[in-house]
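Thank you all for coming. I would like to walk you slowly through one protein chain, so please look at the sequence and the structure while I talk.

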Amino acid sequence: MLSYKLELLSLIIVMLLIVTIVQFIKLYQYKKMAFKDFNSELPNSHALHKFVRRSNKKKMSILYIDLDNFKRINDRFGHFVGDQVVYQLGNRMMTFKKSRQGFFRIGGDEFIFMTDYISKEDTVMLAEALLHLIAKPISIENDDDTIYVSGSIGISSGILKHNDNLLFKQADQALYRSKKLPNNKVLYFDE
């Protein structure tokens with residue numbers, strides 16, 4: 001009788017341990033999902049805010065990236081192909097970034113690339129390298145079509161602490177002005 005009770009107690013302990021481990025794994029997966037974009041699996045705006053909080057005392061450059069005429073890709077090939085294009089471009093840019101940089105998808109065809117501040121000229125060169133990476137042809141799975149994409153980038157720089165909203169707004173304004181120029185343009189925010 002005592003061995004039966006010990007076996008039952010052991011079984012209950014093992015079951016509780018399994019339930020606890022499963023709950024821990026689910027919690028970890030949910031936390032991970034909260035910081036990833038569903039379609040592209042890229043870090044999302046929540047991950048961006050976390051990155052900004054960790055970097056708030058540093059001088060950073062913000063590169064606000066927007067793909068040019070992306071609606072045409074969705075209209076011509078469909079949203080499924082558009083998602084594949086975003087996924088492939090995002091993976092290219094993730095391999096481009098260094099450990100102290102951040103890359104985030106913040107919506108549709110818009111991305112943020114953040115890096116420790118380097119000179120204005122070097123930041124523009126970095127942005128041009130990103131545009132070159134974006135411009136490489138994209139092959140779509142199970143399709144003979146090759147898709148070409150271009151982008152525009154607006155840049156701002158400064159210390160993030162208490163200025164992050166202003167710096168994002170400046171990068172967005174520079175991007176807006178760059179979109180009025182021919183494709184594949186980089187524009188630094190100037191007051």
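**From the surface to single residues**

The accessible surface of this protein comes to about 12100 Å², and 58% of that area belongs to carbon and sulfur atoms. Before I go further, please keep in mind that what you see is a predicted model, and that the values I quote have been computed from it.

Let me begin with the overall form. Along its principal axes, the C-alpha trace of the protein spans about 85 × 50 × 20 Å. The radius of gyration of the protein is 22 Å, whereas a compact globule of 191 residues would have one near 16 Å. Of the 191 residues in the protein, 38% are buried. If we take the contacts between residues at least 6 apart in sequence, we find that 69% of them join residues at least 24 apart. As for charge, the protein has 27 positive and 21 negative charges, and the mean positions of these two groups are 8 Å apart.

Now to the secondary structure. How many helices and strands does the protein have? There are 6 helices and 7 strands, and if you follow them from the N terminus on, the order is α-α-β-α-α-β-β-α-β-β-β-α-β.

Next, I would like to turn to the aromatic rings. A search of the whole structure finds 4 aromatic pairs. One of them is formed by F103 and F113, whose rings are tilted, with 6.3 Å from centre to centre and 50° between the planes. This pair links distant parts of the chain, since F103 sits in strand 2, residues 102-107, and F113 sits in strand 3, residues 110-116, with the two residues 10 apart. For those who have not met such numbers before, a pair of aromatic rings is described by the distance of the centres and the angle of the planes.

Are F103 and F113 buried or exposed? F103 has a relative accessible area of 1%, and because buried means under 20%, F103 counts as buried. F113 is also buried, at 0% relative accessibility. Ring pairs further link F96, F103, F111 and F113 into a cluster.

Let us move along the chain to Y117, which you will find in the loop between strand 3 and helix 5, the helix of residues 120-135. Y117 counts as partly exposed, because its relative accessibility is 32%, which lies between the 20% limit for buried and the 50% limit for exposed. Which residues does Y117 contact, once we leave aside its neighbours within four places in sequence? They are K59, M60, S61, S157 and Y188. By way of contrast, please look for N44, which is 73 residues away from Y117 along the chain, and whose C-alpha atom is separated from that of Y117 by 22 Å.

Helix 5 itself holds two residues that I would like to show you. K120 lies in helix 5 and is partly exposed, with a relative accessible area of 34%. Not counting residues up to four places away in sequence, K120 touches Y188 and D190. K120 and Y188 are 68 residues apart along the chain, and yet their C-alpha atoms are separated by 8.1 Å. Y188 is thus a contact of K120 and is also among the contacts of Y117.

M125 is also in helix 5, and at 53% relative accessibility M125 counts as exposed, because exposed means over 50%. M125 and N142 are 17 residues apart along the chain, while their C-alpha atoms are separated by 35 Å.

Finally, a point about the backbone. Most residues other than glycine have a negative phi. Phi of N69, however, is near 50°, a positive value in a residue that is not glycine. N69 is placed in the loop between strand 1, residues 59-67, and helix 3, residues 70-77, and with a relative accessible area of 38%, N69 is partly exposed.

Definitions and conventions. Residues numbered from 1 in each chain as written. Predicted model: local features only at pLDDT ≥ 70, side-chain atom pairs only at ≥ 80, totals over all residues. Heavy atoms only, no water. Helix = DSSP H or I, 4+ residues; strand = E, 2+ residues; numbered from the N terminus. Rg over C-alpha atoms; globule rule 2.2 N^0.38 Å. Buried < 20%, exposed > 50% of the residue type's maximum accessible area, 1.4 Å probe, protein only. Contact = heavy atoms within 4.5 Å. Areas by Shrake-Rupley, 256 points an atom, 1.4 Å probe, with all protein chains shown as cover. Lys, Arg positive; Asp, Glu negative; His and termini not counted. Charge placed at Lys NZ, Arg CZ, Asp CG, Glu CD. Phe/Tyr/Trp six-rings, centres within 6.5 Å; stacked < 30°, edge-to-face > 60°.
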